[in-house]
Amino acid sequence: MPRVALVHDWLTGMRGGEKCLDRLCRLFPDAPLATMFHARGQLPPSIENRVIQTSWLQYLPAWSHYYRYLLPLFPAAARWRLAECDVVFSLSHCVAKAAKPQAAIPHVCYCFTPMRYAWHMKEQYFGGRRSWLRDRLLMRLRDWDRRTSDRVTHFIAISQTVRRRIRECYDRDSVVIYPPVDVDFYTPAAVPRDDYYLVVSAFAPYKRIDLAVAACTRLGRRLVVIGTGQDAKRLRALAGPTIQFLGWQSDEAIRDHFRRCRALLFPGEEDFGIVPLEAQACGAPVIAYGRGGATETVRPNTGLLFEDQSVAGMIDAITKFESNTDQFDAVAARAWAETFSNQRFDREISSYIDDVLGERQPLKRAA
């Protein structure tokens, strides 16, 4: 088995990126792991029970309450002393890809996206207000992000959407290996569908949960919202009496809601989006914004894509869904989700690493 050194942006909770890391940790149980921050006890044993190296930012007092505001310091902190290995494997949406391997050691980056704050989603993160200082900082981050992409010998993109971004931002080609979906856990059940819609998401502005909350409030439809995050106060202020916030829930509770909801609402533009596939694995239809990863994970007989990312567009999508429910096939949704299984991911990642170690040649820059 090859000696692998893993690098991940930060370890503060179990979301989509950490589900990918979990599979890598199972594939390579002895691999050391480098990261910016580690909130102990927030992750499964497959991740926690290994040597974890953090950056110096870990030693700042109460960092978990404000670590997002430390963004300007990330480039200075992303300097790990990596263990001797055959290959460095980073999982990155921010700084992990900046890990610098020893000379001649391949560095494979599983890229969730080039740094969103600096490239594609500045408005969604920071709003429309102009700030000379912020723009200058983001320009420097973008330059650093592009420059450190040269430390990667092989890029893997999580979707065709991200593959295009890697080409645009780094002038590099990549292959696509879709993230894993635990279809052995997320399964249908012989329970009736209820009349509520469902959102399962971190409360970040770019997720556009506000569209689902506002649309269901106006339509008088029940909506169950599972998640937490910095946008919670604003979302609660938008909500009418038909909206129920449950906070974050266990995987078992989320699975139960996938099995019983009328449909999952997914109004943001995501790099990939594991949640819609987990819902489909449970036989639930998905109503998603027709940009980004959802265009690769939602099919006409498993869900509905809408083009107008607004409250009116969300309302129109829900209305259209309710008038055409017969076109959605729970069996087809389950079969489609199964093609993204954990086992498929493990095979494709293992095969790719074997190929890299066999050739030891970096992918060329995009033509």
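Biologist: How many bridges join strand 5 to strand 6, and which way do the two run?

Modeller: The general idea is that strands of a sheet pair through backbone hydrogen bonds, either parallel or antiparallel. Here, strand 5 and strand 6 (residues 154–157) run parallel and are joined by four bridges. One of the residue partnerships puts Val108 opposite His154 in strand 6. What we're looking at is a predicted model, in which local features need pLDDT of at least 70 and side-chain atom pairs count only at pLDDT 80 or more, while totals for chains, interfaces and linings use all residues. Residues are numbered from 1 along each chain as its sequence is written, and side-chain values use heavy atoms, with hydrogens and water left out.

Biologist: What counts as a strand, and what counts as a pair?

Modeller: Strands (E, at least two residues) and helices (H or I, at least four) are DSSP runs, numbered from the N terminus. Two strands pair if DSSP finds at least two bridges between them. Strand 5 also pairs with strand 4 (residues 87–92), in the parallel sense, over five bridges. There, Val88 has His107 in strand 5 as its bridge partner.

Biologist: In what order do the strands of the sheet lie?

Modeller: Read across it as 3-2-1-4-5-6-7: an open sheet of seven strands with parallel pairing. Strand 3 and strand 7 are the edges, each pairing on one side only. Over at strand 1 (residues 4–8), three bridges link to strand 2 (residues 33–35), again running parallel. His8, for instance, is matched with Thr35 in strand 2.

Biologist: Back to strand 5. Is it mostly covered or exposed?

Modeller: Start with the cut-offs: buried means under 20% relative accessible area, exposed means over 50%, and partly exposed is in between (1.4 Å probe, protein chains only). Strand 5 (residues 107–111) is mostly covered, with five of its five residues buried. One side carries His107, Cys109 and Cys111, the other Val108 and Tyr110, and both faces are covered.

Biologist: Can we try that on single residues? Why does Cys261 count as buried?

Modeller: Cys261 counts as buried because its relative accessibility is 0%. You'll find Cys261 in the loop between helix 9 (251–260) and strand 11. Leaving out neighbours within four places in sequence, Cys261 is in contact (heavy atoms within 4.5 Å) with Arg193, Asp194, Tyr196, Leu198 and Ala284. Also, Cys261 and Asp195 are 66 residues apart in sequence, yet 6.7 Å apart in space, C-alpha to C-alpha.

Biologist: And what does Thr161 touch?

Modeller: Skipping residues up to four places away in sequence, Thr161 touches Asp271, Gly292, Gly293 and Glu296. Thr161 sits in helix 6 (residues 160–170), and counts as buried because its relative accessibility is 7%. The Thr161 side chain reaches the backbone oxygen of Gly292 at 3.5 Å.

Biologist: Which way should I read phi, say for Ala62?

Modeller: Most residues other than glycine have a negative phi. Ala62 has a positive one, near 55°. Ala62 lies in the loop between strand 3 (52–53) and helix 3, and is partly exposed, at 47%. Asp171 also has a positive phi, near 55°. Its loop runs between helix 6 and strand 7 (175–176), and Asp171 is partly exposed too, at 37%.

Biologist: How do we look for empty space, and how many cavities of 30 Å³ or more are there?

Modeller: Rolling a probe the size of a water molecule over the atoms shows where empty space is left. On a 1 Å grid over the protein atoms alone, a cavity is a set of points where a 1.4 Å probe fits but cannot get out; a pocket is an open set with protein on both sides within 12 Å along at least five of seven lines; lining residues have an atom within 4 Å of a point. Points are joined across faces, edges and corners, and a volume is the space filled by probe spheres set on them. This structure holds one cavity of 30 Å³ or more. The largest cavity has about 60 Å³, and its lining includes Val199, Lys207 and Phe266. Strand 8 (197–200) and strand 11 (263–266) each supply at least two lining residues.

Biologist: What about the second largest pocket: how much space lies in it?

Modeller: About 430 Å³. Of its 19 lining residues, the closest to the centre are Pro75, Ala76, Arg79, Trp144 and Arg147. Helix 5 gives the largest share of that lining, nine residues.

Notes:
Polar contact = N/O pair within 3.5 Å; in protein donor to acceptor, adjacent residues only side chain to side chain.
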